[in-house]
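Thanks for making time this morning. I would like to walk you through one model, and I will begin with a term that the later part of the talk depends on.

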Amino acid sequence: MIRWKLLIPLVALCGMSVPAHAGDDDKVPYWASIDTDLANLRVGPGESYRIAWVYKREHLPVKIVRREGPWRLIEDPDGDKGWMRDLLLSRQRSAIVTGDGLIEMHAEGKAGSPVLWRIEPGVVGLLGNCESGWCAFDVEGHKGFVPSERLWGTGEP
(Lines give C-alpha, C1' and ligand atoms only; values in the text may rest on other atoms or scores of the structure.)
Protein backbone atom coordinates (compact mmCIF):
# COMPACT_ATOMS: atom_id res chain seq x y z
CA MET A 1 0.00 0.00 0.00
CA ILE A 2 1.37 3.42 -0.98
CA ARG A 3 1.20 6.17 1.60
CA TRP A 4 0.46 9.25 -0.54
CA LYS A 5 1.22 11.67 2.27
CA LEU A 6 4.73 10.26 2.43
CA LEU A 7 5.22 10.24 -1.34
CA ILE A 8 5.09 14.02 -1.81
CA PRO A 9 8.06 14.77 0.47
CA LEU A 10 10.05 12.02 -1.27
CA VAL A 11 9.31 13.56 -4.66
CA ALA A 12 10.48 16.94 -3.38
CA LEU A 13 13.69 15.40 -2.05
CA CYS A 14 14.41 13.83 -5.44
CA GLY A 15 14.49 17.29 -7.03
CA MET A 16 11.20 16.86 -8.88
CA SER A 17 8.53 19.47 -8.59
CA VAL A 18 4.84 18.94 -8.02
CA PRO A 19 2.79 21.06 -10.45
CA ALA A 20 0.85 23.91 -8.89
CA HIS A 21 -2.87 24.28 -9.56
CA ALA A 22 -3.84 26.99 -12.01
CA GLY A 23 -4.41 30.29 -10.26
CA ASP A 24 -1.90 29.73 -7.46
CA ASP A 25 0.15 32.77 -8.50
CA ASP A 26 -2.84 35.10 -8.76
CA LYS A 27 -3.40 38.01 -6.43
CA VAL A 28 -6.83 38.30 -4.87
CA PRO A 29 -9.45 39.33 -5.66
CA TYR A 30 -9.97 37.74 -9.08
CA TRP A 31 -12.81 36.24 -11.11
CA ALA A 32 -13.31 32.52 -11.54
CA SER A 33 -16.15 30.12 -12.29
CA ILE A 34 -17.37 26.84 -10.84
CA ASP A 35 -15.88 24.09 -12.99
CA THR A 36 -18.23 21.25 -12.11
CA ASP A 37 -21.96 20.58 -11.95
CA LEU A 38 -21.80 19.83 -8.19
CA ALA A 39 -19.69 21.86 -5.76
CA ASN A 40 -19.88 22.29 -1.99
CA LEU A 41 -19.43 25.67 -0.32
CA ARG A 42 -18.20 25.27 3.24
CA VAL A 43 -18.20 27.62 6.23
CA GLY A 44 -14.44 27.18 6.68
CA PRO A 45 -11.34 26.16 4.70
CA GLY A 46 -11.38 22.39 5.17
CA GLU A 47 -13.32 19.19 4.62
CA SER A 48 -14.29 19.08 8.32
CA TYR A 49 -16.30 22.32 8.06
CA ARG A 50 -20.06 22.22 7.55
CA ILE A 51 -21.45 22.55 4.01
CA ALA A 52 -23.38 25.82 3.72
CA TRP A 53 -24.46 25.55 0.06
CA VAL A 54 -24.37 22.98 -2.71
CA TYR A 55 -23.98 24.53 -6.16
CA LYS A 56 -25.38 22.60 -9.10
CA ARG A 57 -24.52 25.11 -11.78
CA GLU A 58 -21.39 24.70 -13.87
CA HIS A 59 -19.79 27.97 -15.03
CA LEU A 60 -21.46 30.04 -12.29
CA PRO A 61 -19.22 33.11 -11.88
CA VAL A 62 -17.60 33.68 -8.49
CA LYS A 63 -15.22 36.22 -7.05
CA ILE A 64 -12.17 34.83 -5.25
CA VAL A 65 -11.56 37.10 -2.26
CA ARG A 66 -9.04 35.10 -0.22
CA ARG A 67 -6.75 32.08 -0.53
CA GLU A 68 -5.73 29.63 2.15
CA GLY A 69 -3.75 26.67 0.84
CA PRO A 70 -5.93 24.76 -1.62
CA TRP A 71 -9.06 26.57 -0.39
CA ARG A 72 -10.60 29.73 -1.83
CA LEU A 73 -12.97 32.10 -0.07
CA ILE A 74 -15.49 32.90 -2.77
CA GLU A 75 -18.35 35.35 -3.16
CA ASP A 76 -21.24 34.26 -5.36
CA PRO A 77 -23.57 36.51 -7.41
CA ASP A 78 -25.99 36.76 -4.45
CA GLY A 79 -23.22 38.02 -2.15
CA ASP A 80 -22.95 34.79 -0.14
CA LYS A 81 -19.42 33.87 0.91
CA GLY A 82 -17.81 30.58 1.81
CA TRP A 83 -14.90 28.26 1.14
CA MET A 84 -14.44 26.01 -1.88
CA ARG A 85 -11.57 23.78 -3.01
CA ASP A 86 -9.49 25.22 -5.87
CA LEU A 87 -9.98 22.00 -7.86
CA LEU A 88 -13.67 22.87 -8.24
CA LEU A 89 -12.89 26.26 -9.80
CA SER A 90 -11.67 27.45 -13.17
CA ARG A 91 -10.14 30.69 -14.42
CA GLN A 92 -12.53 30.52 -17.38
CA ARG A 93 -14.52 33.74 -17.17
CA SER A 94 -18.28 33.58 -17.04
CA ALA A 95 -21.11 35.91 -16.09
CA ILE A 96 -24.73 35.80 -14.98
CA VAL A 97 -27.52 38.04 -16.27
CA THR A 98 -28.86 40.34 -13.54
CA GLY A 99 -31.61 42.90 -13.17
CA ASP A 100 -35.26 42.82 -14.15
CA GLY A 101 -36.71 41.74 -17.45
CA LEU A 102 -35.21 40.23 -20.55
CA ILE A 103 -32.05 41.56 -22.18
CA GLU A 104 -31.30 41.44 -25.87
CA MET A 105 -28.30 39.60 -27.26
CA HIS A 106 -27.07 41.44 -30.34
CA ALA A 107 -25.02 40.33 -33.34
CA GLU A 108 -22.46 43.08 -32.61
CA GLY A 109 -21.47 45.11 -29.59
CA LYS A 110 -23.74 48.05 -30.37
CA ALA A 111 -27.40 48.87 -29.81
CA GLY A 112 -28.33 49.18 -33.49
CA SER A 113 -27.13 45.73 -34.48
CA PRO A 114 -29.61 42.89 -35.11
CA VAL A 115 -31.11 41.18 -32.05
CA LEU A 116 -30.30 37.47 -32.00
CA TRP A 117 -31.94 36.30 -28.76
CA ARG A 118 -33.60 37.56 -25.62
CA ILE A 119 -32.15 36.32 -22.33
CA GLU A 120 -33.75 36.30 -18.90
CA PRO A 121 -32.10 37.13 -15.56
CA GLY A 122 -30.26 34.20 -14.01
CA VAL A 123 -28.89 32.84 -17.28
CA VAL A 124 -25.18 31.93 -17.05
CA GLY A 125 -22.82 32.11 -20.00
CA LEU A 126 -19.17 32.20 -20.89
CA LEU A 127 -17.74 35.69 -20.99
CA GLY A 128 -15.58 37.04 -23.80
CA ASN A 129 -14.01 40.48 -24.18
CA CYS A 130 -15.88 43.53 -22.93
CA GLU A 131 -15.51 46.85 -24.74
CA SER A 132 -17.49 50.08 -24.81
CA GLY A 133 -20.19 48.75 -22.48
CA TRP A 134 -20.75 45.48 -24.38
CA CYS A 135 -19.50 41.95 -23.65
CA ALA A 136 -19.20 38.92 -25.88
CA PHE A 137 -21.42 36.27 -24.29
CA ASP A 138 -21.89 32.58 -25.10
CA VAL A 139 -24.90 30.76 -23.68
CA GLU A 140 -24.58 27.09 -24.63
CA GLY A 141 -23.39 27.95 -28.14
CA HIS A 142 -25.72 30.93 -28.64
CA LYS A 143 -23.17 33.69 -29.13
CA GLY A 144 -23.58 37.43 -29.30
CA PHE A 145 -23.11 40.65 -27.36
CA VAL A 146 -24.95 41.93 -24.29
CA PRO A 147 -24.73 45.16 -22.26
CA SER A 148 -22.07 44.79 -19.58
CA GLU A 149 -24.16 46.58 -16.92
CA ARG A 150 -26.60 43.63 -16.93
CA LEU A 151 -23.89 41.05 -16.15
CA TRP A 152 -22.33 40.04 -12.84
CA GLY A 153 -18.76 38.85 -13.35
CA THR A 154 -17.41 41.68 -15.53
CA GLY A 155 -14.99 44.49 -14.75
CA GLU A 156 -12.58 44.54 -11.84
CA PRO A 157 -13.38 42.00 -9.12
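Before anything else, a word on accessibility: a residue is called buried under 20% relative accessible area and exposed over 50%, with partly exposed in between. K110, with a relative accessible area of 45%, is therefore partly exposed, and please keep in mind throughout that what you see is a predicted model.

K110 is a useful place to start, since it forms a salt bridge with E108, where the closest N and O atoms are 3.5 Å apart. E108 also counts as partly exposed, at 39% relative accessibility.

Let me step back to the whole chain. The protein has one helix and 14 strands, and of its 157 residues, 36% are buried. Its accessible surface comes to about 9,600 Å², and carbon and sulfur atoms account for 52% of that. If we take the contacts between residues at least 6 apart in sequence, 56% of them join residues at least 24 apart.

Now to the interior. In soluble globular proteins, nonpolar side chains tend to be buried together. Here the largest nonpolar core has 16 residues, and those touching the most other members are I34, Y55, V62, I64, I74, M84 and L89. Strands β1, β2 and β4 each supply at least two residues of this core, and β1 gives the most, with four. Apart from it lies another core, of twelve residues, including M105, I119, V123 and L127. Returning to I34, its contacts beyond four places in sequence include Y55, V62, M84 and L89.

Which strand should we look at more closely? I would choose β5, residues 71-75, because five of its five residues are buried, so that the strand is largely enclosed by the rest of the structure. In a regular strand the side chains alternate between the two faces of the sheet. In β5, W71, L73 and E75 point one way while R72 and I74 point the other way, and all are buried.

On one side of the pairing, β4 and β5 run antiparallel and are joined by five bridges, with R72 as the bridge partner of R67. The hairpin of these strands has two residues between them, and G69 takes a positive phi near 60 degrees there. β5 also pairs with β6, residues 81-85, again in the antiparallel sense and over five bridges, and in that pairing L73 stands opposite W83. The hairpin of β5 and β6 has five residues between the strands, and G79 in its turn has a positive phi of about 90 degrees.

That brings me back to charges. How many salt bridges does the structure hold? The count is six, and R72, R85 and D86 are linked in a network of them. In another pair, E47 and R42 have their closest N and O atoms 3.3 Å apart; E47 is exposed, with a relative accessible area of 54%, whereas R42 counts as buried at 10%. E104 and R118 also form a salt bridge, with a closest N and O separation of 3.5 Å, and this pair links distant parts of the chain, with E104 in strand β9 and R118 in strand β10, 14 residues apart.

Finally, on the surface, L38, I51 and V54 make a nonpolar patch of about 230 Å². Of these, I51 lies in strand β3 and is partly exposed, with a relative accessible area of 34%.

Notes:
Residues numbered from 1 in each chain as written. Predicted model: local features only at pLDDT ≥ 70, side-chain atom pairs only at ≥ 80, totals over all residues. Heavy atoms only, no water. Patch = residues over 30% accessible without salt bridge, like charges linked within 9 Å, V, L, I, M, F, W, Y side chains within 5 Å. Areas by Shrake-Rupley, 256 points an atom, 1.4 Å probe, with all protein chains shown as cover. Salt bridge = Lys/Arg side-chain N within 4 Å of Asp/Glu carboxyl O. Buried < 20%, exposed > 50% of the residue type's maximum accessible area, 1.4 Å probe, protein only. Core = buried A, V, L, I, M, F, W, Y, C linked by side-chain atoms within 4.5 Å. Contact = heavy atoms within 4.5 Å. Pairing = 2+ DSSP bridges.
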